[in-house]
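User: Please take a close look at one part of this structure and explain how it is built into the rest. I am a first-year student, so plain wording would help.

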Amino acid sequence: MSQEDRTAQAGPLTGYRVLDFGWVLAGALPGMVLADMGAEVMKVETRQRMDYMRLGRPIIGDKPDPEQHPLFHNVNRGKLSIALNTTKPEAIDLIKALVAHCDVVIENFSPGVMDRLGIGYDVISGIKPEIIMASISSNGQTGPLRDLRAYAPSIGALAGLDSTMGYEGERPLGLKHAYADIAGALHSVFAIVSALHQKKQTGRGQYIDVSMLRATVVTMGAGLMEYEMTGRVMGPKGNHDPVMAPYGNYPCQGDDDWVSIAVRTEEEWQGLKTAMGSPSWCEKEQFASRYSRLGNRRELDENLSTWTRERTAGDITELLQSHGVAAIPVMGAEDRLFNPHFQERGLYSDIDHPALGTEPIYNIMWNLDRTPPSIRRHAPLLGEHNQQIFGGLLGIDKEEIARLEEQEVLW
Amino acid sequence: MTYSVLQGLRVVELGESASAPYCAKLLADMGAEVVKIERPGVGDQAREYGPFLKDQPHHERSGLFLYLNTNKQGVTLDLETPTGKEILGGLLAQSQVFVHNLHPTEMDRLGLGYDSLKAHNDQLVMASITPFGLTGPYRNYKAYDINLAAAGGICEGLGSPDREPLTFGTSEVGYFAAMAAASSIVIALLAGGGQHIDIAEVEAMSGIYNGPEALMAVYEWRMTRRTGHHALDFPYPNCILRCKDGYIFVGSPEGRQWRTLLEVMGNPEWAKEDRFRNRTTMNNEYADEVDGYMEEWLLQRTKAELLALALEHRLPLAPVRDFGEVRNDESLADLFAAIDRPDTGPIAFAGPPYVLSGQEVRPPQPAPLLGQHNADIYCDWLGYTKEELVKLYQTGII
């Protein structure tokens, strides 16, 4: 499908309009999802303090260029960009004018910033009572940790996530992904669309306070309950599962080639044995039951590794899956980009970006069959839609827009 | 805490382990009425996972099951039988949403595809959460959490060089698939219902979680590699280090944060060396050495002292907390609610991670006992008589 067709096609949220102050990752993602679903999402940003995701080394040339950041291109696709310098009073007036046209406002500034700018929920709901406003922050809008400077890894540490992340019995290594950003953003999306559902039924608006710390903690069911039920705390766990063995990433023939294998049931163990050609070590007493395999998992892993080392991850996957055993290679980013399964399902779309040309941008893969999401346009250039929004939506004439640009209000 | 945002929404869940159950829990905690279907006599396999209260194994005392199924009603139903399928049809006819995590091969075998189920309710929103999705060459592949993490890109960069790639410390992929499914369900309802949603657990990782990595790889931009507790191409520090009573995350993405941190540390001599001028170089080439200098200072201080310094000087330091410390954090006290239940007594469970202003809230209800609400649902919703209910039980249907 061409990009023009994609843009024209209605999505499940077509007709909703979002004023999106979200930046960096946690704040940018909810608007991205809503845009893929068809909502008109206006990203409010400024040269005065650029979204961090516009900073960093350029891909082409050696001058800093806000239009060249690959992460920005991914997580802001589908949005429109308006440049508004919130240090100018006129910019705040324009924001208030825009609020009247919107259904949702999203922001993830430090707690208190929106109030200080004069566009907190009190003001915004005064303009439009049925508005839904979501504030996403590290530790919530209230409480002793509210003003802690925190990033995704800080929250992984505070939430308990990192305490189990490392080789068994060794130091915690930490999870080097933006887990907390994503958990925070996804819970935000759910709260926002639930509030939209309620608004549709009853007409009421809603303020939503999402803490990334809390959004991470609630996904730690096994660890939280271990403490709650037994009083024990978990430490770094390696790839050990409490009920499954074998369970791990096993070395394969190639260079840094690994296959993940997990066996839960007796039937799967028999499948694994048969697939391996029933080697004699399988018959040892210490591997005779689920219980004994769990207890002797290190020896089990060593034996299984001698078999996996002789084969490629791809061959092992095919062989084991054909015997009903869960196995799949440890994949890198390029493996996924070129993988036939992900290609058939459309994990990536080629999107043309004015600064860098055609790029593989991921789809969210929330496949609604009748009204599928889609990437409607490339990530916007900074202020690309000033004319469209301030001229088209607010009806401000060209000369006035030029003056606002000149005076660094639209900036 | 249970909100009433989705009041009036009826949801049927056929779920095991984490993904479909957490999806339905999100909906239930928002106020939807959720009926969870379990296999007669056996139930959700999370009932055998534990952890068990005081280490006494019992299918009504599994912590993971109890957590993921609060606020739901529970029925038992044998879907291997035509009568069981007929009863499912009756439930769906009176509901707006069906969420399940049957494997695609099981959907095929039981005849529980969307086309056959929508015969009971053409406005039904059905969400199928499966390991690799309902289409594509891996459709019928099996997978557990580590496999989904491995294919989804969690493992490749986690761990030390020359050692095996690591996965999450506890199973997490299901939660991400659940969040995708729950939002998709509500979005489908907003668009008018009558949709089938295909959520692949692996794509909860390879999509929103890890999707940008393809473009990063194309541009060789901050590639993830197994480099122990350090990540490449970030300005130092961005890692977990030792302190007096455990570990602390130390970050400083902004230059002024690093300068403040050095000031708080008393502007040590080593930091003035020329080779540490560029912090990304410091991270990529000298991280182990600098860890030593940093830890010399950190080891004199406790996690609590370092957190106080972080708050005072606006520094991104964060203690690595275990689950006991998380649970006992007073600022999180209102996240947890004690729920009483016959088999366990009061146990605290985490509720929704958002605070909604002005909404009516109700105290949360405990996870159902196996088949606890059979009479309520089958007699009151579907109109079976008490005699028929007994027969359904005696013949193993429920």
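**The sheet shared by two chains, and what surrounds it**

Analyst: In chain B of this predicted model, 68% of the contacts with a separation of 6 or more are between residues 24 or more positions apart. Chain B has 398 residues, of which 54% are buried, and its secondary structure comprises 15 helices and 14 strands. Along the principal axes, its C-alpha atoms fill a box of roughly 85 × 45 × 40 Å. The chain is divided into domain 1 (2–210 + 330–394) and domain 2 (238–321). Between the centres of these two domains, taken over C-alpha atoms, there are 42 Å.

The part to look at closely is a sheet. This open sheet has seven strands in the order β12(A)-β7(B)-β6(B)-β5(B)-β2(B)-β3(B)-β4(B), and its pairing is mixed. The edges are taken by β12 of chain A and β4 (72–76) of chain B; each has a single partner strand, so one side of each has no neighbour in the sheet.

Start at the edge that comes from chain A. Strand β12 (residues 367–368) of chain A runs antiparallel to strand β7 (residues 195–200) of chain B, and two bridges join them. In this pair, A:Leu368 stands opposite B:Ile197. Strand β7(B) also pairs with strand β6 (residues 125–130) of chain B, this time in the parallel sense and over six bridges. Here B:Ala127 is the residue opposite B:Ile197.

Next come the helices that pack on this sheet. Helix α7(B) lies across β12 of chain A and across β5 (97–100), β6 and β7 of chain B, at about 165° to β7(B). Helix α14 (residues 374–381) of chain B also packs on the sheet, where it touches β3 (33–38) and β4 of chain B, and its direction makes about 85° with that of β4(B).

The contact between the chains extends beyond the strand pair. In total, 111 residues of chain B are in contact with 117 residues of chain A. On the chain B side, helix α7 (residues 173–190) gives the most, with eleven residues. That side of chain B is made up of 71 nonpolar, 27 polar and 13 charged residues.

Helix α7(B) appears again in the interior. The largest nonpolar core has 257 residues, and the members that touch the most others are B:Cys23, B:Leu27, B:Ala181, B:Ile185 and B:Ile248. The element that gives the most to this core is α7(B), with 15 residues. In soluble globular proteins, nonpolar side chains tend to be buried together. As for B:Ile248, its contacts beyond four places in sequence include B:Leu241, B:Leu298, B:Leu306 and B:Val320.

A last element to examine is helix α6 (residues 145–152) of chain B, in which eight of eight residues are buried. Among them are B:Asp145, B:Asn147 and B:Gly152, as well as B:Ile146 and B:Leu148. The cover over these residues includes parts of both chains: β7 (247–251), β8 (258–262) and β9 (326–329) of chain A, together with α7 and α8 (201–209) of chain B. Just after this helix, B:Gly153 takes a positive phi of about 100°.

To put the pieces together, α7(B) lies across strands of the sheet, gives the most residues to the side of chain B that touches chain A, and helps to cover α6(B).

Conventions: Residues are numbered from 1 along each chain as its sequence is written. Chains are lettered from A and ligands numbered from 1 in the order in which they are written. This is a predicted model: local features need pLDDT of at least 70, side-chain atom pairs count only at pLDDT 80 or more; totals for chains, interfaces and linings use all residues. Two residues are in contact if their C-beta atoms, placed from the backbone, lie within 7 Å. Helices (H or I, at least four residues) and strands (E, at least two) are DSSP runs, numbered from the N terminus. Ala, Val, Leu, Ile, Met, Phe, Trp, Tyr, Cys and Pro count as nonpolar, Asp, Glu, Lys and Arg as charged, and the others, Gly among them, as polar. Two strands pair if DSSP finds at least two bridges between them. Axes are lines fitted to C-alpha atoms, for helices over the stretch in contact, and angles run from 0 to 180 degrees between N-to-C directions. A residue is buried if 20 or more other C-beta atoms lie within 10 Å of its own, exposed if 12 or fewer, and partly exposed in between; C-beta atoms are placed from the backbone. Domain bounds come from an automatic or database domain assignment. A nonpolar core is a set of buried Ala, Val, Leu, Ile, Met, Phe, Trp, Tyr and Cys residues joined through C-beta atoms within 7 Å.
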